[in-house]
Amino acid sequence: MKNNIIKIAALSILTLGVFTSCERELDQSSFSQAPLDQAMKDPKNFTQAIDGAYSAIKGVSTANNPSGSALPGSGLGYFNNDTGNQIIIPDLTTDNLIVNPQGRQSNFTAYNWSFSANNASVTGLFTQGYAVIARANMPLSYLDNLPAGTFKNNIEAHARAIRAAVHFDLVRAYCKIPTQSSDANASLGISYVKTFNPKDPGTPRDLSVAQVYDNIIADLNFALANITDEPGNKSRFNKASINGLLSRIYLYKGDYNNAVTAGNASIALSSSVGPIAKFANIWKSNESEGVLFKILNSPQENVTVGVAYQQGYNPQADGSVGQIKSEYVVPKSLYDLYTTTDVRKSAYMVRAPFQTTQRNHVIKWGNSAGTGTPLNVVEVKYLRTAEVYLNVAEAAYKLGNEALANTLLGTLKAQRYTDYTTVTLTGTALWNEIMLQRRLELAFENDRFYTFKRQGRTMQRTGEGPNIDGTGSASLVQTIQPTDTRWQWPIPQTAINITPSLQQNPGY
């Protein structure tokens with residue numbers, strides 16, 4: 001019975017792969033009637049399985065199925081739901097967002113750091129992440145059906161790159177980060193799953209944090225050496241994006257020399273941070289300059305990745321903005337950090353009313369008005385070159401290379417400020433500028449929580465309310481100390497129910 005379940009789940013991956021990539025010319029036939037061991041002898045099925053694994057990161061809707069019914073395994077991914085959407089959770093748990101009393105109160109318990117093993121806002125990533133990992137491992141299980149050569153190596157490279165990226169998303173959320181504390185490397189890690197078993201909830205937790213990072217880096221280094229490079233295809237990993245992801249991972253690991261090396265290699269292959277004239281289009285169109293890796297999302301798929309932020313962005317013909325109902329809004333202090341000459345201010349936010357109350361609304365993931373794309377249906381920018389610049393600048397500063405840090409900051413800021421003039425900073429002023437630009441650039445982009453966490457900093461909110469002048473009800477939770485166990489999210493109770501030996505994190 002178990003083998004039949006696995007076969008059915010695997011076949012659904014193939015079926016899903018047929019419908020998930022709207023930028024690819026895929027064979028529209030279904031393999032649901034073919035035995036798995038036969039289906040996974042055809043090279044095109046391996047390609048479709050990889051496409052399915054990429055799309056599973058985002059999640060899919062019933063719109064993918066011409067019949068209108070849900071495909072087996074649909075709804076996976078960690079960017080598609082309101083609750084637990086990783087586009088917003090790492091920001092609403094910090095000082096970047098304030099709950100809007102006029103919103104639906106989605107993710108409100110996570111906003112107040114009321115984490116528990118039954119809180120889907122912080123447990124959904126665990127379940128969804130391991131489901132994506134299973135999809136990546138499926139073609140690896142049948143890899144020997146392919147003849148040796150470039151195609152086989154490329155399939156393995158893509159599968160291992162996806163597997164590594166998702167394991168990293170999991171380990172940074174559910175475990176300590178190596179730079180977070182002196183005991184982090186030896187602390188409890190997660191399971192690094194390398195075999196195909198779609199029923200595996202991520203057991204056992206048999207590795208230390210350091211060992212998990214070693215596995216992630218090994219997978220990415222294999223991918224880097226074996227992937228067939230497609231520099232123009234930002235919807236699949238390539239050498240620039242793998243190096244860019246490695247710069248992030250080495251930064252978290254505290255390996256600053258390798259963070260600089262990997263980041264520089266990525267920048268050498270893809271140097272544009274997104275020119276100032278095109279930057280706004282990155283968030284409302286298929287513009288990809290400055291993007292290293294994105295998760296495709298089409299009107300046909302209709303995955304509303306931005307709905308966790310707001311509903312209703314509707315610019316009028318006269319330039320005014322219609323009513324916006326936001327779940328969370330931008331505090332005055334952060335809104336004011338963006339100067340009037342900063343292109344990010346209007347690309348990320350808009351000041352508009354709901355009913356009669358003005359708020360600072362996030363439109364970064366819902367900025368699709370006038371593009372023919374449904375509201376909040378945008379492509380997920382998983383990794384951008386601008387982050388790599390900031391990763392390398394931070395690592396360079398740690399190594400005492402202030403000249404490199406200044407150069408990278410200058411290149412980035414020249415494409416963000418219309419009035420930028422070159423400035424050279426040193427010491428604390430340089431560090432503060434790196435941190436400021438990281439916050440401004442990556443706001444509402446799955447970074448802020450992890451920056452606090454990996455640097456072992458106190459998360460301190462400002463006491464502001466949601467009104468544009470800073471008034472209104474402030475969050476009940478204003479301060480989270482670096483030693484708080486809630487920096488490590490709880491393992492879902494549903495996974496523990498399946499495997500009682502699965503160890504829960506301390507404090508839950």
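Student: Let's start with two helices. In which kind of crossing does α10 pass α13?

Tutor: In this predicted model, α10 passes α13 in a left-handed crossing. The axes of α10 and α13 cross at roughly 145 degrees and come within 9 Å.

Student: Which residues make that contact?

Tutor: From α10 come Tyr256, Ala259, Val260, Gly263, Asn264, Ser266 and Ile267. From α13 come Val388, Tyr389, Val392, Ala395, Ala396 and Lys398. Sorted by class, the contact of α10 with α13 has 9 nonpolar, 3 polar and 1 charged residues.

Student: And how does helix α9 pack with helix α13?

Tutor: Helix α9 covers residues 239-253 and helix α13 covers residues 385-398. Their axes are 9 Å apart, at an angle of about 35 degrees. Here, too, the crossing of α9 past α13 is left-handed. Gly244, Ser247, Arg248 and Leu251 are the residues on the α9 side. They meet Glu387, Val388, Asn391, Glu394 and Ala395 of α13. By class, the contact of α9 with α13 divides into 3 nonpolar, 3 polar and 3 charged residues.

Student: Ser266 was in your list for α10. Is Ser266 buried or exposed?

Tutor: To judge that, look at the relative accessible area: under 20% counts as buried. Ser266 has a value of 0%, so Ser266 is buried. Ser266 is found in helix α10, which spans residues 256-269.

Student: What does the side chain of Ser266 reach?

Tutor: The Ser266 side chain reaches the backbone oxygen of Ala240 at 2.8 Å. If you set aside neighbours within four places in sequence, Ser266 is in contact with Ala240, Asn243, Gly244, Leu292 and Val388. Try picking out Gly244 and Val388 in the structure: Gly244 belongs to α9 and Val388 to α13, and both are in the contact of those helices.

Student: Can we try another residue inside a helix? Where is Ile162 found?

Tutor: Ile162 is found in helix α7, residues 150-174. Its relative accessible area is 1%, so Ile162 counts as buried. Beyond the neighbours within four places, Ile162 is in contact with Ile50, Ala53, Tyr54, Ile57, Val132, Ala136 and Phe237.

Student: How far apart are Ile162 and Ile133 in sequence and in space?

Tutor: They are 29 residues apart in sequence, and 7.4 Å apart in space from C-alpha to C-alpha. You can read Ile363 and Phe444 in this way: 81 residues apart in sequence, and 9.6 Å apart in space, C-alpha to C-alpha. Ile363 lies in the loop between β7 and β8. With a relative accessible area of 1%, Ile363 is buried.

Student: Now for the strands. How do β6 and β7 run?

Tutor: Strands can be read through the bridges that join them. Strand β6 (residues 349-354) and strand β7 (residues 357-362) run antiparallel, joined by 6 bridges. For one bridge, find Arg351 and then its partner in β7, Asn360. The two strands form a hairpin with 2 residues between them. In the turn, Gln355 has a positive phi of about 60 degrees.

Student: Which strand does β2 pair with?

Tutor: β2 and β8 run antiparallel and are joined by 4 bridges. Val291, for instance, has Arg384 in β8 as its bridge partner.

Student: Why is β2 said to be largely enclosed by the rest of the structure?

Tutor: Because 5 of the 5 residues of β2 are buried.

Student: You mentioned positive phi. Which residue in the loop between β2 and β3 should I look at?

Tutor: Look at Asn302, which is found in that loop. Asn302 is not a glycine, although its phi is positive, about 60 degrees. At 34% relative accessibility, Asn302 counts as partly exposed. Asn446 is also not a glycine, and has a positive phi of about 70 degrees. Asn446 sits in the loop between α15 and α16. At 14% relative accessibility, Asn446 counts as buried.

Student: How many helices and strands are there in the protein?

Tutor: The protein has 17 helices and 10 strands. Of its 508 residues, 60% count as buried. Among contacts with a separation of 6 or more, residues 24 or more positions apart account for 69%.

How values were computed. Residues are numbered from 1 along each chain as its sequence is written. This is a predicted model: local features need pLDDT of at least 70, side-chain atom pairs count only at pLDDT 80 or more; totals for chains, interfaces and linings use all residues. Side-chain values use heavy atoms; hydrogens and water are left out. Axes are lines fitted to C-alpha atoms, for helices over the stretch in contact, and angles run from 0 to 180 degrees between N-to-C directions. A crossing is left-handed if the near helix is turned anticlockwise from the far one by less than a right angle, and right-handed if clockwise. Contact means heavy atoms within 4.5 Å. Ala, Val, Leu, Ile, Met, Phe, Trp, Tyr, Cys and Pro count as nonpolar, Asp, Glu, Lys and Arg as charged, and the others, Gly among them, as polar. Buried means under 20% relative accessible area, exposed over 50%, partly exposed in between (1.4 Å probe, protein chains only). A polar contact is a pair of N or O atoms within 3.5 Å; within protein, one must be able to donate a hydrogen and the other to accept it, and residues adjacent in sequence count only if both atoms are side-chain atoms. Two strands pair if DSSP finds at least two bridges between them.
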